[in-house]
There are 2 protein chains.
Amino acid sequence: MEHTEGQPANKAFTEDCTKVLNAVSDALYAIGGKWKLMIIIAMARGNNRFTDLQKQVTGISARVLSSELKELEMNGFIVRTVTAGYPVTIEYQLHPYSHTLEKVVGAMTEWGMQHREKIRSERSSNL
Amino acid sequence: MEHTEGQPANKAFTEDCTKVLNAVSDALYAIGGKWKLMIIIAMARGNNRFTDLQKQVTGISARVLSSELKELEMNGFIVRTVTAGYPVTIEYQLHPYSHTLEKVVGAMTEWGMQHREKIRSERSSNL
């Protein structure tokens, strides 16, 4: 097997690309979609009850929020605690692992703000 | 309207949360979904033809790749050039605007790699 002969530069190029694609694909698999990051962000800012989350994450239905919360819990991003009492209190907290997402959220927030600004200025210059 | 009275701290808190959620929502709207970032990454690494992109972005169908390319072009992330000749050559290049996504891609790559490592070590410790 002559890995280094032939097109070594091209090969390294492709492998690097594949590595990055795999990593981003893994990330998208875990936290992609329309809602997971939004729920994590809302929770990081003190929305810990189902109704608070539904209010904060605009447009999410109760059915979808419920299934997203289950997935996030199953994958270790959040912790659900039930406190006995009348009525029973159910709260959701971020698992410390969610904080590893800070850089991703930061980069997306920054880009989203710039992008909105760009769209806005393009629109106003087209008026 | 007494914006600053009542619960000023809470209000700032909520507004900040809403700002971040709006920004991330804008970002997800523009580059969310399973494929757009993957296509941009593959293109940034020299895959400029339809068939190269389809080979590099594992699992994408020709139909989906075609519609994703159209959307990316419409939203100013990529440029499609047709070169006369026999046969006609069609190439896709990143528009410089796509490079504003570098931090997002970098953060997601790093996180995806760490996440894969975590899943792997959890699996092997469960054997």
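Biologist: Why is A:Arg116 called partly exposed?

Modeller: Buried means under 20% relative accessible area and exposed means over 50%, with partly exposed in between (1.4 Å probe, protein chains only). A:Arg116 comes in at 35%, so partly exposed is the right label. Mind you, this is a predicted model: local features need pLDDT of at least 70, side-chain atom pairs count only at pLDDT 80 or more, and totals for chains, interfaces and linings use all residues. For the bookkeeping, residues are numbered from 1 along each chain as its sequence is written, chains are lettered from A and ligands numbered from 1 in the order in which they are written, and side-chain values use heavy atoms, without hydrogens and water.

Biologist: And what makes B:Asp26 buried or exposed?

Modeller: Its relative accessible area is 18%, so B:Asp26 counts as buried.

Biologist: How do you know that A:Arg116 and B:Asp26 meet in a salt bridge?

Modeller: The rule wants a side-chain nitrogen of Lys or Arg within 4 Å of a carboxyl oxygen of Asp or Glu. Here N to O is 2.5 Å, which passes. The pair crosses between chains, from helix 5 (residues 102-125) of chain A to helix 1 (residues 8-31) of chain B. Helices here are DSSP runs of H or I with at least four residues, strands are runs of E with at least two, and both are numbered from the N terminus. Across the interface the rule finds six salt bridges, including B:Arg45 with A:Asp16 at 3.6 Å.

Biologist: Why are A:Glu117 and A:Arg120 said to be separated by about one helical turn?

Modeller: They sit three residues apart in helix 5 of chain A, so that is about one turn. They also form a salt bridge, with N to O at 3.6 Å. A:Glu117 has 44% relative accessible area, hence partly exposed, and A:Arg120, at 46%, is partly exposed too. In chain B, B:Glu117 and B:Arg120 form a salt bridge at 3.5 Å.

Biologist: What makes you say the copies meet through the same surface?

Modeller: 100% of the interface residues of chain B are also interface residues in chain A, so the surface is shared. Contact means heavy atoms within 4.5 Å, and 44 residues of chain B are in contact with 44 residues of chain A. The two chains bury about 4,100 Å² between them, 71% of it on carbon and sulfur atoms; that is the accessible area (1.4 Å probe) lost on being put together, summed over both parts.

Biologist: How do you know that the copies are related as by a two-fold rotation axis?

Modeller: We superpose them by least squares on C-alpha atoms of residues with pLDDT of at least 70 in both. A rotation of 180° with 0.0 Å of shift along its axis puts chain B on chain A, RMSD 0.0 Å. That is thus a two-fold relation.

Biologist: Which residues have the most contacts inside the largest nonpolar core?

Modeller: A:Ile39, A:Phe77 and A:Trp111, plus B:Ile39, B:Phe77 and B:Trp111, in a core of 66 residues. A nonpolar core is a set of buried Ala, Val, Leu, Ile, Met, Phe, Trp, Tyr and Cys residues joined through side-chain atoms within 4.5 Å. B:Trp111 reaches across to chain A, where its contacts include A:Phe77, A:Tyr97 and A:Leu101.

Note on methods: Lists of a residue's contacts leave out its neighbours within four places in sequence.
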